[in-house]
Amino acid sequence: MANNPIRILQVVPSLNRSAGVARVVYNWNRFHDENRVHFDFLHHSSRNGVLLHNKRYDEELKAVGSEVFTVNYAADDLKRFIREVHEVFEKVGADYDIVHCHMPNSAFCVLREAELVGIEHRVLHSHLNNSSDKFLHRLRNAPLNAIGKHYATDYIACSDDAGRFLFGSRPFTVINNGIPLEQFAYDSESRKLLRSELGIKETDPVVGCVGRLVKQKNFPFAVRVFAKFHEAFPDAKMLILGDGDDREELEGIISSEHLSNVVILAGVREDINKLYSVMDVFFMPSLYEGLPVSAVEAQAAGLPCVYSDNVPRETDITGTGTFLSLDADIDKWTKTLENAFNRGKLTDNPVLLEQRGYSAKANAELLMQHYERLMEGK
């Protein structure tokens, strides 16, 4: 095995540093054993050959020996996407033992091409408990997902909720979204330095949100809740980490709520692990999720977490979070945030996460064992 690692092509939407799926596969790559498995990557975060995100893992992964293949964004021109995926598999597909696809609505093309070039093991991975925040996209994705499952030989999910959503009664394996826990532990020195950099006083309460600025994450709602919270706590700040297509819309809402001086859009930061120490509460009012990596990171930093009830209950790994319906009165949301602030840092969280299987190193090992069982036909 040492001389012939299992070669795996990870097919992801992007290698954008603010995307949860990208962070998951990046962590796998960091903690894998190159003697046992080798990862290359394919994504469609490109428009006319130009990569779409400034902060990404592409170059870093190439520097440690992975190939990164890109095709043009599927939503721009689906026919071109299908053609370009075909060309990649025609050229390099025979080099791989396993294709691991993290894009259910593109698996009809990706896994079909993998089958055509003779790749025996074709993994489909579910990361969400919904297929889109738009009705027409859900309508489109339903048949695409169904066809994609036809070409898969193995099913993995980040949570039971995400697995049941995509695979129904079919058997699937849950691989947790593990993180390097020690890197996200609360750090008082980072809190002091980064608060100073961001213009936040040590005593200011900080509500934190992390994720791509897209409809799924429901950040406009988060800002409206924070506006009400800010009335009661005028020193409070909101820190939003991430970027995306809806940034301009979000900036407009922040401005209309007269919060431009207290809501900080920090973009995509490479020191995200330290920035959780700046926050006092983690806020995730998402429309849907699978098992969000950012929520695992926030718990590792000891943050009390407030979620919408569209976020799977499994997300509350440490049993310390609060869930609330998006239909609840805004005063109830602000009171829930206030109660979370009053809890303070949750110092037992890192130990609980380790015990419950959310270490990136442990999950990389489980994944490698899963691949090895596939190759052995077990």
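These legends go with a set of close-up views of a predicted model.

**View 1. Helix H12 from end to end.** Helix H12 covers residues 330-343, which makes 14 residues in the helix. From its first C-alpha to its last, H12 reaches 20 Å, close to the 20 Å expected at 1.5 Å a residue. At the N-terminal end, look for Asp329, which caps H12. A side-chain oxygen of Asp329 lies 2.8 Å from the backbone nitrogen of Asp331. After the helix comes Gly344, with a positive phi near 75°.

**View 2. The buried face of H12.** Which residues of H12 are buried? They are Trp333, Thr334, Thr336, Leu337, Ala340 and Phe341. Seen down the axis of H12, these buried residues fall within an arc of 155°, so they line one face of the helix. Their packing partners are helix H8 (219-232) and four strands: E10 (206-210), E13 (281-284), E14 (305-308) and E15 (322-324).

**View 3. Thr336 up close.** Here we zoom in on Thr336, a residue of helix H12. Thr336 has a relative accessible area of 11%, and because buried means under 20%, Thr336 is buried. A polar atom of the Thr336 side chain lies 2.7 Å from the backbone oxygen of Lys332. Leaving aside neighbours within four places in sequence, Thr336 is in contact with Val306, Thr322 and Leu324.

**View 4. Where H8 meets H12.** How do the axes of H8 and H12 cross, and at what angle? The two axes come within 9 Å and cross at roughly 75°. H8 and H12 are therefore roughly perpendicular to each other. On the H8 side, the contact is made by Phe221, Arg224, Val225, Lys228 and Phe229. H12 brings Ile330, Asp331, Trp333, Thr334, Leu337, Glu338 and Phe341 to this contact. Among these, Trp333, Thr334, Leu337 and Phe341 also belong to the buried residues of H12. Asp331 may be familiar from View 1, where its backbone nitrogen lies 2.8 Å from a side-chain oxygen of Asp329.

**View 5. Leu61 and its surroundings.** This view moves to helix H2 (residues 58-63), where Leu61 lies. Is Leu61 buried or exposed? At 1% relative accessibility, Leu61 counts as buried. Not counting residues up to four places away in sequence, Leu61 touches Leu15, Tyr26, Asn29, Phe41, Ser66 and Val68. To place Leu61 in the wider model, take His230 as a landmark: the two are 41 Å apart in space, C-alpha to C-alpha, and 169 residues apart in sequence.

Methods: Residues are numbered from 1 along each chain as its sequence is written. This is a predicted model: local features need pLDDT of at least 70, side-chain atom pairs count only at pLDDT 80 or more; totals for chains, interfaces and linings use all residues. Side-chain values use heavy atoms; hydrogens and water are left out. Helices (H or I, at least four residues) and strands (E, at least two) are DSSP runs, numbered from the N terminus. The expected span of a helix is 1.5 Å times one less than its number of residues. Buried means under 20% relative accessible area, exposed over 50%, partly exposed in between (1.4 Å probe, protein chains only). The arc is that of the directions from the helix axis to the C-beta atoms. Contact means heavy atoms within 4.5 Å. A polar contact is a pair of N or O atoms within 3.5 Å; within protein, one must be able to donate a hydrogen and the other to accept it, and residues adjacent in sequence count only if both atoms are side-chain atoms. Axes are lines fitted to C-alpha atoms, for helices over the stretch in contact, and angles run from 0 to 180 degrees between N-to-C directions. Angles under 35 degrees count as roughly parallel, over 145 as roughly antiparallel, 65 to 115 as roughly perpendicular and the rest as oblique.
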